[in-house]
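Here is a short round of questions on labels and the values behind them. Each answer sets a value against its cut-off.

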Amino acid sequence: MVHGTGRRIRRATAAEGAGESGLAKLIELHALNAFGDMLITVALASTIFFSVPTGEARGRVALYLLVTMAPFALLAPVIGPLLDRLPHGRRAAVATSMLARAVLAWTMAGVVAGGGLALYPEALGVLVASKAYGVVRSVVVPRLLPSRLSLVKANSRVTLAGLLATMVAAGVGGLLHLIGPGWPLRGAFLVFVAGTLMAFHLPHAVDSAKGEQRAVLHAEEHPTGHHGVPPGDEDGTAPAAQRPKASLRTVGPSVILALRAMAAMRWLVGFLVLFLAFLLRDEPVGGLRPTLALGLVALAAGTGNALGSVLGSWLRPRGPELTVTAMLLLACCATAAAALWYGTVTVVAVAGTAGLAASLGKLSLDALIQRDVPESVRTSAFARSETALQLSWVAGGAVGILLPLNGTLGLSVAAAVVGAVLLWTLRSLLRVGLRTRPAAPRVA
């Protein structure tokens with residue numbers, strides 16, 4: 001049965017040319033990464049959140065934010081530019097992120113039961129290594145893209161594999177926790193050791209940086225020809241000295257519009273994760289038990305995220321700018337409704353909607369980067385946009401832990417923040433308009 005299941009998984013990941021291009025190996029590696037991260041999450045949540053009363057748990061999570069998220073907010077802007085400088089060592093960077101988490105997971109297994117201060121610097125190391133992996137993964141997907149797949153569909157397949165692995169890991173982590181609080185971390189150690197070895201089996205194309213340059217986030221319109229290609233260089237044959245230095249200034253405002261909207265949705269996800277976790281534990285909605293209320297919200301968020309990944313390739317041709325704006329509008333309406341009519345149905349709905357909107361919004365942003373960014377800076381653009389989105393999640397989580405545990409108040413604040421960004425996005429959309437023509441980026 002195990003052998004047959006493995007063959008079916010391998011057949012699914014290798015479909016539509018993904019096996020020949022090497023994308024299938026990245027999909028399997030990402031599933032392993034998500035599995036290990038979830039085991040660590042189970043271990044930390046059981047120690048920091050579930051094992052103590054609500055008041056003490058909130059203090060522990062606030063300390064976690066202070067000791068881990070605050071330094072991460074300073075380190076995250078460095079991750080993208082640093083990885084920009086290592087274009088020929090991306091497999092080594094992935095392996096290093098895996099190995100670092102393996103060592104940290106083994107070390108944390110010995111101190112997790114006490115939940116002391118020694119746990120938090122190690123959790124910061126895990127967080128930084130995980131986000132560094134996420135940046136590299138976004139960067140290398142275009143290098144492994146089969147000719148029969150669009151980038152948005154490839155990203156959708158990678159994301160869905162991670163979500164499925166996360167669901168399985170949550171159950172495995174719960175069973176391991178029954179043995180002891182350190183056992184999920186010991187399981188994560190084995191997973192990340194395997195991931196370290198798998199990283200070196202990625203294709204050599206991952207380490208290719210042919211024609212790449214560093215990107216700068218800016219929304220300035222194209223000063224030259226279509227998509228930054230100077231007149232007379234549509235075929236890429238002009239001398240290099242005559243070509244302008246490629247940067248995100250050449251893509252116009254569409255990518256910035258989507259990045260701004262996606263940052264708001266990531267902010268909302270970070271806010272909901274921490275705010276609802278404490279709110280539902282302290283004051284569960286509908287008279288439900290806290291564990292049941294939290295389970296329903298987590299299930300809704302996971303279902304929405306998976307549904308967004310499945311629908312991503314179907315919605316892509318209908319205009320990424322319009323899709324990301326519609327997702328932001330949907331998230332704003334769901335959050336406002338939950339603030340006005342706070343209850344079980346609306347809380348579950350806002351969790352599911354936020355998961356759906358964030359998933360589809362990220363796929364739309366990927367599609368815009370593919371369409372508008374010249375290949376010479378596309379990988380750098382992925383690195384920098386991913387870093388910006390991680391910072392947005394951190395900011396949302398910080399607001400969620402600082403606000404009073406009042407459902408109407410907290411969701412009203414979230415609706416106001418998302419609504420302000422929605423108005424900004426609608427104004428930008430009216431100015432930018434919709435473009436349905438595919439990009440003709442300069443090919444290095």
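Buried means under 20% relative accessible area, exposed means over 50%, and partly exposed lies in between. The model is predicted.

Q: Why is cysteine 332 called buried?
A: Its relative accessible area is 12%. The cut-off for buried is under 20%. Cysteine 332 therefore counts as buried.

Q: What makes cysteine 333 count as partly exposed?
A: Cysteine 333 has 44% relative accessibility. Partly exposed runs between the 20% and 50% limits, so cysteine 333 gets that label.

Q: How do you know that cysteine 332 is too far from the closest cysteine sulfur for a bond?
A: The closest cysteine sulfur belongs to cysteine 333, and it is 5.7 Å away. A disulfide needs sulfur atoms within 2.5 Å. The distance is therefore too far for a bond. Cysteine 333 is in no disulfide either.

Q: How many disulfides does the structure hold?
A: Zero.

Q: Why is α11 called roughly antiparallel to α14?
A: Helix α11 (residues 320-340) and helix α14 (residues 407-432) have axes that cross at roughly 155 degrees. Angles over 145 count as roughly antiparallel, so the label fits α11 and α14. Their axes come within 8 Å, and the crossing is left-handed.

Q: Which residues of α11 and α14 meet?
A: From α11 they include Leu328, Leu329 and Cys332. From α14 they include Leu411, Val418 and Leu422. By class, this contact of α11 with α14 has 14 nonpolar, six polar and one charged residues.

Q: What makes α9 roughly parallel to α11?
A: Helix α9 (residues 254-282) packs on α11 at an angle of about 25 degrees. Under 35 degrees counts as roughly parallel, so α9 is roughly parallel to α11. The axes are 10 Å apart. This crossing is left-handed. Among the residues in contact are Leu257, Met265 and Leu268 of α9, with Val324, Met327 and Leu328 of α11. The class count for α9 with α11 is 10 nonpolar, three polar and one charged residues.

Q: How do you know that α5 and α6 are roughly antiparallel to each other?
A: The axes of helix α5 (residues 90-109) and helix α6 (residues 119-140) cross at roughly 155 degrees. The cut-off is over 145, so α5 and α6 are roughly antiparallel. Their axes come within 9 Å, with a left-handed crossing. Arg90, Met98 and Leu104 are among the α5 residues that meet α6. The α6 side includes Glu122, Val126 and Tyr133. By class, the contact of α5 with α6 has 14 nonpolar, four polar and three charged residues.

Methods. Residues numbered from 1 in each chain as written. Predicted model: local features only at pLDDT ≥ 70, side-chain atom pairs only at ≥ 80, totals over all residues. Heavy atoms only, no water. Axes fitted to C-alpha atoms, helices over the stretch in contact; angles between N-to-C directions. Helix = DSSP H or I, 4+ residues; strand = E, 2+ residues; numbered from the N terminus. Parallel < 35°, antiparallel > 145°, perpendicular 65-115°, else oblique. Left-handed = near helix turned anticlockwise from the far one by under 90°. Contact = heavy atoms within 4.5 Å. Nonpolar A, V, L, I, M, F, W, Y, C, P; charged D, E, K, R; others polar. Buried < 20%, exposed > 50% of the residue type's maximum accessible area, 1.4 Å probe, protein only.
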